[in-house]
Amino acid sequence: GIRPAMPELFLEHELTVAAVGLILEESSGKRILSHRELYAAHNWRERRRSRLDKGPLLPDMWIVDKERPCAVEVELCQKSGRRYENLWEEYRRKLPRGGVLLYLTGWPRLKYTLLAQGRRQRLPNLYAASLQDFRAAREHCTFEGTVLNATLQIVRTAPIPPAPVMDKCADKFLVQFH
């Protein structure tokens, strides 16, 4: 529906996610699924198991890749440590084999905060980069990992498949994330 007003930070987040998704899709050659596409593909007719079940866990973006699928979160403001702990525990359970969790942060210090907390939680598949680094390097941006000297770069592969096609990995992600 129509909203009377939209918080400025929400709008900034949505525009940033869209811009990052467009750059990643054009530069990497990989299919990028937006939060909205993941949300639309979810089977909402399934009932929740309990009142505590809050529904699916959907990242801001999903990078479709058979070897290394990626959930991408754009973090413009910091959450509480407890909230990250709960969120990452869910990601730990639901990411497919070989999957990684990427964070793009609104400021460089937040990147280091997330990496430190990821190390404390022993989350080896967490990588982070600042939006400042991403803007400067685009597709050559290097994400730092929680494991010592671990880095990740999203590299160009084959051309992007047509929009309606999702691979098995994305389908598995959608099934697991509800």
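This is a short tour of one predicted model, taken one selection at a time.

**Stop 1: confidence**

Colour the chain by pLDDT. The mean over the chain is 82, and 79% of the residues reach 70 or more. Now select residues 171-178, where the pLDDT is below 50. In the model this stretch still has 23 contacts beyond near neighbours in sequence.

**Stop 2: the sheet**

Show the strands next. Seven of them form an open sheet with mixed pairing, in the order 1-2-3-4-5-6-7. Which strands stand at the edges? Select 31-34 for strand 1 and 151-153 for strand 7. Each of these two has a single partner strand, so one side of each is left without a neighbour in the sheet. Look along the sheet for its twist, which averages 30° from one strand to the next.

**Stop 3: strands 1 and 2**

Strands of a sheet pair through backbone hydrogen bonds, either parallel or antiparallel. Keep strand 1 selected and add residues 61-64, which are strand 2. The two pair in the antiparallel sense, over four bridges. For one position in this pairing, pick Arg31 and look across to strand 2, where Val64 stands opposite.

**Stop 4: helices on the sheet**

Select helix 3, then residues 70-75, 100-105 and 126-130, which are strands 3, 4 and 5. Helix 3 lies across these three strands and runs at about 145° to strand 4. Add helix 4, which also packs on the sheet. Helix 4 touches strand 3, strand 4, strand 5 and strand 6, the last at residues 142-145. The direction of helix 4 makes about 170° with that of strand 5.

**Stop 5: helix 3 against helix 4**

Hide the strands and keep residues 81-94 (helix 3) and 108-120 (helix 4). How do the two helices meet? Their axes come within 11 Å and cross at roughly 60°, which makes helix 3 oblique to helix 4. Helix 3 passes helix 4 in a right-handed crossing. To see the contact, show the side chains. Helix 3 contributes Gly81, Tyr84, Glu85 and Trp88, while helix 4 brings Leu110, Leu114, Gln117 and Gly118. Coloured by class, this contact has four nonpolar, three polar and one charged residues.

Note on methods
Residues numbered from 1 in each chain as written. Predicted model: local features only at pLDDT ≥ 70, side-chain atom pairs only at ≥ 80, totals over all residues. Heavy atoms only, no water. pLDDT = per-residue confidence, 0-100. Contact = heavy atoms within 4.5 Å. Axes fitted to C-alpha atoms, helices over the stretch in contact; angles between N-to-C directions. Parallel < 35°, antiparallel > 145°, perpendicular 65-115°, else oblique. Left-handed = near helix turned anticlockwise from the far one by under 90°. Nonpolar A, V, L, I, M, F, W, Y, C, P; charged D, E, K, R; others polar. Pairing = 2+ DSSP bridges.
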